[in-house]
Amino acid sequence: MTVPASKSGIHKRVVLAEADIDRALTRIAHEILEANRGSRDLVLLGIPRRGFPLAQRLAQKISAVDPAVDPDLITGQLDVTMYRDDLRRNPTRSPLATQLPPSGIDDKVVVLVDDVLYSGRTIRAALDALADLGRPRIVRLAVLVDRGHRELPIRADHVGKNLPTSSRERVRVHLAEIDLIGGSAVNEVVIEDRL
Amino acid sequence: MKHLLSTQDLSARNALRLLNVAEEMAAVGQREIKKLPALRGRTVVNLFFEDSTRTRISFEAAAKRLSADVINFAAKGSSVSKGESLKDTAQTLEAMSADAVVIRHPASGAPARLAASGWIDAAVVNAGDGTHEHPTQALLDAFTLRRHWAKLDGTPSAGTTLAGMKVLIVGDVLHSRVARSNVWLLTTLGAEVLLAGPPTLLPVGVGAWPCTVYYNLDDALAQRPDAVMMLRLQAERMNAAFFPSTREYSRRWGFDDGRLALLDTMGLDDTVIMHPGPMNRGLEISSAAADSPRSTVLAQVRNGVSVRMAALYLLLSGDSQDDPQDDQPENQADQPDQLATTPEGRTP
């Protein structure tokens, strides 16, 4: 599916549509349950901004499989702004809220959830942030898109889609919870390339 | 923001951003590990030419919670008492590569001089200059008020303003930098500010300020304020007879037990009493008022650390020395990961 280049000279290509995202999340939810042998001690922490709605969606799917799970009680948000290694190289970022589930993260199986895995630096920051908040038994990583170009020895345990990309391209994830495009809520993953 | 010198030139956007960041910093204060690595390796110098307890400790705690190194410099016991000028002191700090200088000075405008002179490259934070401004105190007052206001509304405080709030500032406005900073900031944030004090302790030109002035505390209280901020009577700056006796001052302008009871009889159950500290108990505020459930004195101190963490973070993180980003919408955290890590991927 190719959208013609817009006037600004940016070439856009939709690589995952709404149904693809949904299927990928359903599979990841099952993978998480399989790897954990059930829902015991599971905590899903989304990394703002788009990791959090993804974590909520995964929790919904997990509770659909295991009705004993209350999705709100296993989902949280982990802000990593203050732990980034590029704070001095970029314009000032405002930190967002960190909200842990009431049970905390000590001795839990924490699944970090993010939209795009790229350099791995966000996940490095997330691991540092986690260490300041408690001591999980296991930390796993689930991402919707892995686009390669890792700069750190980090890999994801659960991947929605591996997308080979050029580092010139940008991968944009749009989620209905956050993104309004042209006034309507959209779920899609787009690759943008400047021509 | 490169410096934090006054609240008069602080835009509503920047003020709200700082308060919102402070909200997240407050959450860190609730954790077991109250430390963030954001300013690791940066040096913050506390340059205090005037006595201070809570402001200096608060800045020190804020810098340490952000993992910055802190150098405390008090004019007493330093070369300043040997006659060293502000310029030479500043250049010494520059040679030690300070990243931020938190300065309190008896002369109004000293922080602005430091920031504009080119003596020093560091970010300058005004921690009180003469009778000019004390911006972080006003910000922590606004933060305290905003939390109170949002709690009454039952909404989360992040992102909200003080619109509709009525704040009464009472006492020695003439010598008070806290009052000045609060007048500018609270009006910027949408609150209505009322001043009350004896005419001798109100500055010339107060009529041009964006607030209503009352010369009788009970008339001002009849306006049903949502918060009453008592100012400290600054005896150390008083070189003239501003009022006949402290007893008369306390009776006419002090928040005493009678006025505390008056708030109850007026049905102002949600009105809070603020004081920037240090308090002269029995003079501008009675012990019963200072220790009542309405008093926010300790909350103000607690919030001071969060607000100063936010100020230091916003001044010291980021690459831009003269920031063109300052007026961009606040969606930097919204950018996908790849933007943050590849210079070539950044928007032109």
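Guide: Helices (H or I, at least four residues) and strands (E, at least two) are DSSP runs, numbered from the N terminus. This is a predicted model, in which local features need pLDDT of at least 70, side-chain atom pairs count only at pLDDT 80 or more, and totals for chains, interfaces and linings use all residues. Residues are numbered from 1 along each chain as its sequence is written, while chains are lettered from A and ligands numbered from 1 in the order in which they are written.

Visitor: What ipTM does the predictor give the complex?

Guide: Two scores describe the complex. The pTM is 0.89. The ipTM is 0.87.

Visitor: Over which residues of chain B is the pLDDT below 50?

Guide: Chain B averages a pLDDT (the predictor's confidence in each residue, from 0 to 100) of 89, and 91% of its residues score at least 70. One stretch scores below 50, yet has 41 contacts in the model beyond near neighbours in sequence; a contact means C-beta atoms, placed from the backbone, within 7 Å. Where pLDDT is low, predicted coordinates should not be read in detail. The stretch in chain B is residues 321-348.

Visitor: Which feature does UniProt place at residues 22-158 of chain A?

Guide: Over residues 22-158, chain A is 34% helix and 20% strand, with end C-alpha atoms 14 Å apart. UniProt positions follow the numbering used here, feature names are shortened, and annotations may be inferred rather than shown by experiment. The entry is unreviewed, and the feature is "domain: Phosphoribosyltransferase".

Visitor: What strand percentage does chain A have over residues 110-122?

Guide: An unreviewed UniProt entry places the feature "short sequence motif: PRPP-binding" at residues 110-122 of chain A. The end C-alpha atoms of the span are 16 Å apart. Helix makes up 15%, and strand 62%.

Visitor: Which loop of chain A holds A:Arg49?

Guide: The peptide bond from A:Pro48 to A:Arg49 is cis, with omega near -5°. A:Arg49 sits in the loop between β3 (42-46) and α2 (51-65) of chain A.

Visitor: Where in chain A is A:His149?

Guide: A:His149 is a residue other than glycine with a positive phi, near 60°. Its place is the loop between β6 (138-146) and β7 (158-162) of chain A.

Visitor: How far apart are the end C-alpha atoms of residues 2-146 of chain B?

Guide: UniProt, in an unreviewed entry, gives this span as "domain: Aspartate/ornithine carbamoyltransferase carbamoyl-P binding". The span is 41% helix and 17% strand. Its end C-alpha atoms lie apart by 25 Å.

Visitor: Which UniProt annotation covers residues 164-315 of chain B?

Guide: Over this span chain B is 38% helix and 13% strand. The end C-alpha atoms are 30 Å apart. From an unreviewed entry, the annotation is "domain: Aspartate/ornithine carbamoyltransferase Asp/Orn-binding".

Visitor: At what angle do helices α5 and α6 of chain B pack?

Guide: Two packed helices are described by the angle between their axes and the distance between the axes. Axes here are lines fitted to C-alpha atoms, for helices over the stretch in contact, and angles run from 0 to 180 degrees between N-to-C directions. Contacts of α5(B) with α6(B) involve residues including B:Pro135 and B:Leu139 in α5(B), and B:Val178 and B:Leu185 in α6(B). For α5 (residues 135-153) and α6 (residues 177-188), the axes are 8 Å apart and the angle is about 55°.

Visitor: Within what distance do the axes of α5(B) and α11(B) come?

Guide: Helix α11 of chain B covers residues 297-316, and its axis crosses that of α5(B) at roughly 115°. Among the residues that meet are B:Leu140 and B:Phe143 in α5(B), and B:Val307 and B:Arg308 in α11(B). The axes come within 8 Å.

Visitor: At what angle do the axes of α1(B) and α11(B) cross?

Guide: Helix α1 of chain B covers residues 12-29, and its axis comes within 8 Å of that of α11(B) at a crossing of roughly 120°. The contact includes B:Leu18 and B:Met25 of α1(B), with B:Val305 and B:Tyr313 of α11(B). Once more, the crossing angle is roughly 120°.

Visitor: Which loop of chain B holds B:Pro278?

Guide: B:Gly277 and B:Pro278 are joined by a cis peptide bond, with omega about -10°. B:Pro278 lies in the loop between β9 (272-274) and α10 (287-290) of chain B.

Visitor: Which residues of chain B does the UniProt annotation "binding site" cover?

Guide: The annotation comes from an unreviewed entry and covers B:Lys82, B:Arg177 and B:Arg232. They span 151 residues in sequence, and the farthest two C-alpha atoms are 31.1 Å apart, so they do not all gather at one spot. B:Lys82 lies in the loop between β2 (69-74) and α3 (86-95) of chain B. The covered residues, again, are B:Lys82, B:Arg177 and B:Arg232.

Methods. Contact = placed C-beta atoms within 7 Å.
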